[in-house]
Amino acid sequence: MTTVYTRVASPLGELLLVGESDGTAGGLRLVSLSAPGQKGGAAVQNGWLREPELFAGVVAQVEAYFAGRSTRFDVPFAEGMGTEFQRRVWKVLEEIPYGRTLSYGEVAAQVGASGAGVRAVGTAIGRNPLLVVRPCHRVIGADGALRGYAGGLERKQLLLGLEGAACVAGAERA
(Lines give C-alpha, C1' and ligand atoms only; values in the text may rest on other atoms or scores of the structure.)
Protein backbone atom coordinates (compact mmCIF):
# COMPACT_ATOMS: atom_id res chain seq x y z
CA MET A 1 0.00 0.00 0.00
CA THR A 2 1.14 3.50 -0.84
CA THR A 3 0.12 6.57 1.14
CA VAL A 4 -1.33 9.21 -1.15
CA TYR A 5 -2.86 12.62 -0.56
CA THR A 6 -4.54 15.62 -2.10
CA ARG A 7 -6.03 18.88 -0.95
CA VAL A 8 -9.46 20.37 -1.63
CA ALA A 9 -10.83 23.85 -0.97
CA SER A 10 -13.84 24.02 1.35
CA PRO A 11 -15.69 26.47 3.60
CA LEU A 12 -13.60 24.98 6.45
CA GLY A 13 -10.35 25.89 4.71
CA GLU A 14 -8.14 23.71 2.55
CA LEU A 15 -8.84 20.11 3.57
CA LEU A 16 -6.11 17.48 3.48
CA LEU A 17 -7.28 14.08 2.27
CA VAL A 18 -4.97 11.11 2.94
CA GLY A 19 -5.50 7.62 1.66
CA GLU A 20 -3.97 4.23 1.09
CA SER A 21 -3.78 3.04 -2.49
CA ASP A 22 -3.06 -0.43 -3.79
CA GLY A 23 -2.37 1.03 -7.24
CA THR A 24 -5.56 -0.26 -8.86
CA ALA A 25 -8.61 1.66 -10.05
CA GLY A 26 -10.93 1.90 -7.08
CA GLY A 27 -8.17 0.79 -4.74
CA LEU A 28 -8.18 3.94 -2.61
CA ARG A 29 -9.15 3.76 1.07
CA LEU A 30 -9.52 7.04 2.96
CA VAL A 31 -7.33 7.29 6.07
CA SER A 32 -7.81 10.92 7.05
CA LEU A 33 -9.68 14.08 6.14
CA SER A 34 -8.51 17.04 8.18
CA ALA A 35 -8.84 20.80 8.28
CA PRO A 36 -6.02 23.33 8.73
CA GLY A 37 -4.96 23.64 12.37
CA GLN A 38 -7.12 20.71 13.42
CA LYS A 39 -6.20 19.10 16.71
CA GLY A 40 -4.60 15.75 15.79
CA GLY A 41 -4.93 16.49 12.07
CA ALA A 42 -2.73 14.84 9.48
CA ALA A 43 0.35 16.49 8.00
CA VAL A 44 2.00 15.48 4.75
CA GLN A 45 4.96 13.17 5.40
CA ASN A 46 8.07 12.37 3.36
CA GLY A 47 7.32 9.53 0.97
CA TRP A 48 3.64 10.35 0.52
CA LEU A 49 2.59 10.84 -3.09
CA ARG A 50 0.34 13.67 -4.24
CA GLU A 51 -2.22 11.87 -6.41
CA PRO A 52 -5.28 14.10 -6.88
CA GLU A 53 -6.78 11.88 -9.58
CA LEU A 54 -7.13 8.97 -7.14
CA PHE A 55 -9.33 11.17 -4.91
CA ALA A 56 -11.66 12.40 -7.69
CA GLY A 57 -14.68 10.50 -6.34
CA VAL A 58 -14.10 11.57 -2.74
CA VAL A 59 -13.50 15.19 -3.75
CA ALA A 60 -16.72 15.19 -5.80
CA GLN A 61 -18.66 13.96 -2.76
CA VAL A 62 -17.07 16.56 -0.45
CA GLU A 63 -17.85 19.35 -2.94
CA ALA A 64 -21.45 18.11 -3.35
CA TYR A 65 -21.88 18.06 0.44
CA PHE A 66 -20.69 21.65 0.85
CA ALA A 67 -22.83 22.78 -2.11
CA GLY A 68 -25.91 21.27 -0.44
CA ARG A 69 -26.40 18.68 -3.20
CA SER A 70 -25.58 15.64 -1.07
CA THR A 71 -26.43 14.55 2.46
CA ARG A 72 -24.26 11.44 2.78
CA PHE A 73 -20.90 10.00 1.82
CA ASP A 74 -20.09 6.68 0.22
CA VAL A 75 -16.37 6.52 0.78
CA PRO A 76 -14.29 3.41 1.47
CA PHE A 77 -12.31 3.81 4.70
CA ALA A 78 -8.96 2.21 5.55
CA GLU A 79 -9.36 -0.84 7.76
CA GLY A 80 -7.89 -1.24 11.22
CA MET A 81 -7.92 2.40 12.25
CA GLY A 82 -8.51 3.13 15.93
CA THR A 83 -9.20 0.85 18.87
CA GLU A 84 -12.18 -1.49 19.02
CA PHE A 85 -13.99 0.99 21.29
CA GLN A 86 -13.24 3.92 18.97
CA ARG A 87 -14.56 1.93 15.99
CA ARG A 88 -17.83 1.26 17.88
CA VAL A 89 -18.21 4.95 18.64
CA TRP A 90 -17.33 5.91 15.06
CA LYS A 91 -19.94 3.48 13.73
CA VAL A 92 -22.61 5.34 15.73
CA LEU A 93 -21.37 8.63 14.22
CA GLU A 94 -21.75 7.21 10.72
CA GLU A 95 -25.39 6.42 11.45
CA ILE A 96 -26.43 9.91 12.63
CA PRO A 97 -28.64 11.28 9.85
CA TYR A 98 -27.86 14.51 8.05
CA GLY A 99 -29.30 17.51 9.87
CA ARG A 100 -29.79 15.58 13.12
CA THR A 101 -27.73 15.53 16.29
CA LEU A 102 -27.12 13.21 19.22
CA SER A 103 -25.76 14.09 22.63
CA TYR A 104 -22.54 12.57 23.93
CA GLY A 105 -24.66 10.69 26.46
CA GLU A 106 -26.85 9.22 23.71
CA VAL A 107 -23.78 8.01 21.84
CA ALA A 108 -22.41 6.54 25.09
CA ALA A 109 -25.68 4.68 25.68
CA GLN A 110 -25.57 3.23 22.16
CA VAL A 111 -22.09 1.79 22.73
CA GLY A 112 -22.86 0.61 26.26
CA ALA A 113 -20.68 3.20 27.99
CA SER A 114 -23.19 5.25 29.98
CA GLY A 115 -22.29 7.32 33.04
CA ALA A 116 -18.55 7.80 33.36
CA GLY A 117 -18.15 6.37 29.84
CA VAL A 118 -19.34 9.65 28.34
CA ARG A 119 -15.83 11.08 28.73
CA ALA A 120 -14.33 8.06 26.91
CA VAL A 121 -16.89 8.56 24.14
CA GLY A 122 -15.86 12.22 23.86
CA THR A 123 -12.22 11.18 23.59
CA ALA A 124 -13.04 8.60 20.89
CA ILE A 125 -15.03 11.19 18.95
CA GLY A 126 -12.12 13.62 19.23
CA ARG A 127 -9.83 11.03 17.65
CA ASN A 128 -12.03 10.57 14.58
CA PRO A 129 -9.60 11.00 11.66
CA LEU A 130 -12.35 11.62 9.10
CA LEU A 131 -13.87 15.05 9.74
CA VAL A 132 -17.05 15.77 7.79
CA VAL A 133 -17.17 12.32 6.17
CA ARG A 134 -17.67 10.61 9.54
CA PRO A 135 -19.91 13.28 11.05
CA CYS A 136 -18.58 13.83 14.56
CA HIS A 137 -19.83 17.42 14.26
CA ARG A 138 -23.35 16.02 14.80
CA VAL A 139 -22.62 15.23 18.47
CA ILE A 140 -23.51 18.05 20.87
CA GLY A 141 -24.09 18.58 24.57
CA ALA A 142 -27.24 17.23 26.22
CA ASP A 143 -28.43 20.84 26.57
CA GLY A 144 -28.06 21.43 22.83
CA ALA A 145 -24.83 23.41 23.24
CA LEU A 146 -21.77 22.95 21.11
CA ARG A 147 -19.01 21.03 22.82
CA GLY A 148 -15.45 20.25 21.69
CA TYR A 149 -14.58 19.65 18.05
CA ALA A 150 -11.09 18.84 16.79
CA GLY A 151 -11.61 21.23 13.87
CA GLY A 152 -12.74 24.06 16.14
CA LEU A 153 -16.18 25.06 17.39
CA GLU A 154 -16.61 27.66 14.61
CA ARG A 155 -16.30 24.89 12.03
CA LYS A 156 -18.67 22.65 13.98
CA GLN A 157 -21.24 25.45 14.01
CA LEU A 158 -20.73 26.04 10.28
CA LEU A 159 -21.31 22.34 9.49
CA LEU A 160 -24.40 22.10 11.68
CA GLY A 161 -25.73 25.31 10.12
CA LEU A 162 -25.14 23.92 6.63
CA GLU A 163 -27.19 20.88 7.61
CA GLY A 164 -29.91 22.92 9.34
CA ALA A 165 -29.32 21.12 12.65
CA ALA A 166 -30.46 22.72 15.88
CA CYS A 167 -27.81 23.70 18.40
CA VAL A 168 -27.29 26.41 20.99
CA ALA A 169 -24.46 28.49 19.57
CA GLY A 170 -24.45 30.93 22.47
CA ALA A 171 -23.54 28.19 24.95
CA GLU A 172 -20.33 27.07 23.26
CA ARG A 173 -17.68 25.47 25.41
CA ALA A 174 -14.39 23.80 24.62
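1. In which sense do strand β1 and β2 pair, and over how many bridges? Strand β1 covers residues 2–8, and its pairing with β2 is antiparallel, with 7 bridges. Keep in mind while you look around that this is a predicted model.

2. Zoom in on that pair for a moment. Find V4, and you'll see that its bridge partner in β2 is G19. The two strands make a hairpin with 6 residues between them, and in that hairpin G13 has a positive phi near 110°.

3. Now go to the other side of β2. Strand β2 (residues 15–21) also pairs with β3, again in the antiparallel sense, this time over 6 bridges. A handy place to check is E20, which sits opposite R29 in β3.

4. Then there's β4. The pairing of β1 with β4 is parallel and has 2 bridges. V4 turns up again here, standing opposite L49 in β4.

5. Put the strands together and you get an open sheet of 4 strands, ordered β3-β2-β1-β4, with mixed pairing. Why do β3 and β4 each have a side without a neighbour in the sheet? They stand at the edges, and each has a single partner strand, so one side of each is left free of a sheet neighbour.

6. Have a look at S34 next. You'll find S34 in strand β3, which spans residues 28–34. Is S34 buried or exposed? Its relative accessibility is 2%, and because buried means under 20%, S34 counts as buried.

7. What does S34 touch? Not counting neighbours within four places in sequence, S34 contacts E14, L15, L16, G41 and A42. With A42 there's an extra detail: a polar atom of the S34 side chain lies 3.3 Å from the backbone nitrogen of A42.

8. One of those contacts, L15, is worth following. Leaving out residues up to four places away in sequence, L15 touches T6, R7, V8, S10, L33, S34, A35, V62 and F66.

9. On to the nonpolar parts. In soluble globular proteins, nonpolar side chains tend to be buried together. Here, the largest nonpolar core has 45 residues, and L15, L17 and L30 are the ones with the most contacts inside it. Helix α1 (residues 56–66) supplies the largest share of this core, 5 residues. Another core lies apart from it and has 5 residues, including Y5, V18, V31 and A78.

Terms used: Residues are numbered from 1 along each chain as its sequence is written. This is a predicted model: local features need pLDDT of at least 70, side-chain atom pairs count only at pLDDT 80 or more; totals for chains, interfaces and linings use all residues. Side-chain values use heavy atoms; hydrogens and water are left out. Buried means under 20% relative accessible area, exposed over 50%, partly exposed in between (1.4 Å probe, protein chains only). A polar contact is a pair of N or O atoms within 3.5 Å; within protein, one must be able to donate a hydrogen and the other to accept it, and residues adjacent in sequence count only if both atoms are side-chain atoms. Contact means heavy atoms within 4.5 Å. A nonpolar core is a set of buried Ala, Val, Leu, Ile, Met, Phe, Trp, Tyr and Cys residues joined through side-chain atoms within 4.5 Å. Two strands pair if DSSP finds at least two bridges between them.
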